[in-house]
Amino acid sequence: MKLRLDQIKKTLGNRLVLDGISLDVSQGEMICLIGASGSGKSTLLRCINLLEPLDDGAIWLDGHDIATPGLDPQPVRQKIGIVFQSYNLFPHMTALENVLLAPRRITKKSRADLMPHVGELFERFGLSQHMDQYPDQLSGGQQQRVAIVRALAMKPEIMLFDEITSALDPELVGEVLEVLKALKREGMTMILATHEMTFARDVGNRVCFLDRGRILEQGPPEQVFNTPKEPRTRDFLARVLNRG
């Protein structure tokens, strides 16, 4: 599945948040978006998932502009899943009920029909023993893994991740990043906004540095991290890597 962003612009209030972003995403590629808070990473992901309408530009998915005004977003969201830093699990539902909710409503399939796929997802990500527990009975890392399973239950072809480790205690970050590594090994196409620089450098296929709503620099991780071309990129990396 081919995804292409073409000169995307987005204004929130009086602020230009995305200023002409273009990006081609290849099948099976993991693209890591880095940059300071407010650089446009989260808004970009929300636009791709059609949670925010564009002011200008186009989002091409297999040759179709999915950002066309008036287009039903639901079929697109079945193909492009998104996971946020806040887990957004319903507290009155078990982990399994949270995961089954959307597939049952959208695909109209029964619980019995969905369970082979859903059960395999819980097993794959080490959550089988937690299926009948409620969110407040789970650790932050377990809740975030349930949120990822919930997105994968829709069988998306592209996954978006918005700072999914930033709300976790440091000791729980690793278990969530292992899920992303597993998805990469399976060939999932992914775009993630992240502050995990080591992960982006070691696991990503491409790194995009966003600054003031633009992709200021992009390239293979070794190039962006070791020999950045832009002074702003060098300043940002020096600051965050020294802090780390």
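Rings of Phe, Tyr and Trp, the last taken by its six-membered ring, pair if their centres lie within 6.5 Å. With that in hand, here are some exercises on this predicted model.

**Exercise 1. The aromatic pair**

Find how many aromatic pairs the structure holds, and work out which parts of the chain are involved.

*Solution.* Start with the count: the structure holds one aromatic pair. Its members are F209 and F236, with ring centres 5.1 Å apart and 35 degrees between the planes. Next, classify the geometry: planes under 30 degrees apart would be stacked and those over 60 edge-to-face, and the F209–F236 pair is tilted. Finally, place the two residues. F209 belongs to strand β9 (residues 206-211) and F236 to helix α9 (residues 231-243), so the pair ties together parts 27 residues apart in sequence.

**Exercise 2. The sheet and its hairpin**

Give the strand order of the open four-stranded sheet, then look at how β1 and β2 are joined.

*Solution.* Begin with the order, which is β2-β1-β4-β5, with antiparallel pairing. Now look for the edges: β2 and β5 (64-65) each have a single partner strand, so one side of each is left without a neighbour in the sheet.

Then zoom in on strand β1 (residues 3-12) and strand β2 (residues 15-25), which run antiparallel and are joined by eight bridges. Two partners in β2 are easy to check: L3 is bridged to V25, and L5 to L23. The two strands form a hairpin with two residues between them, and G13 in the turn has a positive phi of about 65 degrees.

As a last step, add the helix: α1 (residues 41-48) lies across β1, β2 and β4 (56-61), and runs at about 120 degrees to β1.

**Exercise 3. Two packed helices**

Describe how α5 and α6 are arranged, and list the residues that make their contact.

*Solution.* Two packed helices are described by the angle and the distance between their axes. For helix α5 (residues 140-152) and helix α6 (residues 170-185), the axes come within 8 Å and cross at roughly 20 degrees. Angles under 35 degrees count as roughly parallel, and therefore α5 and α6 are roughly parallel to each other. The crossing of these helices is right-handed.

Now for the residues:
- α5 contributes G140, G141, Q142, Q144, R145, I148 and L152.
- α6 contributes L172, E175, V176, V179 and L183.

Sorted by class, the contact of α5 with α6 has six nonpolar, four polar and two charged residues.

Terms used:
Residues are numbered from 1 along each chain as its sequence is written. This is a predicted model: local features need pLDDT of at least 70, side-chain atom pairs count only at pLDDT 80 or more; totals for chains, interfaces and linings use all residues. Side-chain values use heavy atoms; hydrogens and water are left out. Axes are lines fitted to C-alpha atoms, for helices over the stretch in contact, and angles run from 0 to 180 degrees between N-to-C directions. Angles under 35 degrees count as roughly parallel, over 145 as roughly antiparallel, 65 to 115 as roughly perpendicular and the rest as oblique. A crossing is left-handed if the near helix is turned anticlockwise from the far one by less than a right angle, and right-handed if clockwise. Contact means heavy atoms within 4.5 Å. Ala, Val, Leu, Ile, Met, Phe, Trp, Tyr, Cys and Pro count as nonpolar, Asp, Glu, Lys and Arg as charged, and the others, Gly among them, as polar. Two strands pair if DSSP finds at least two bridges between them.
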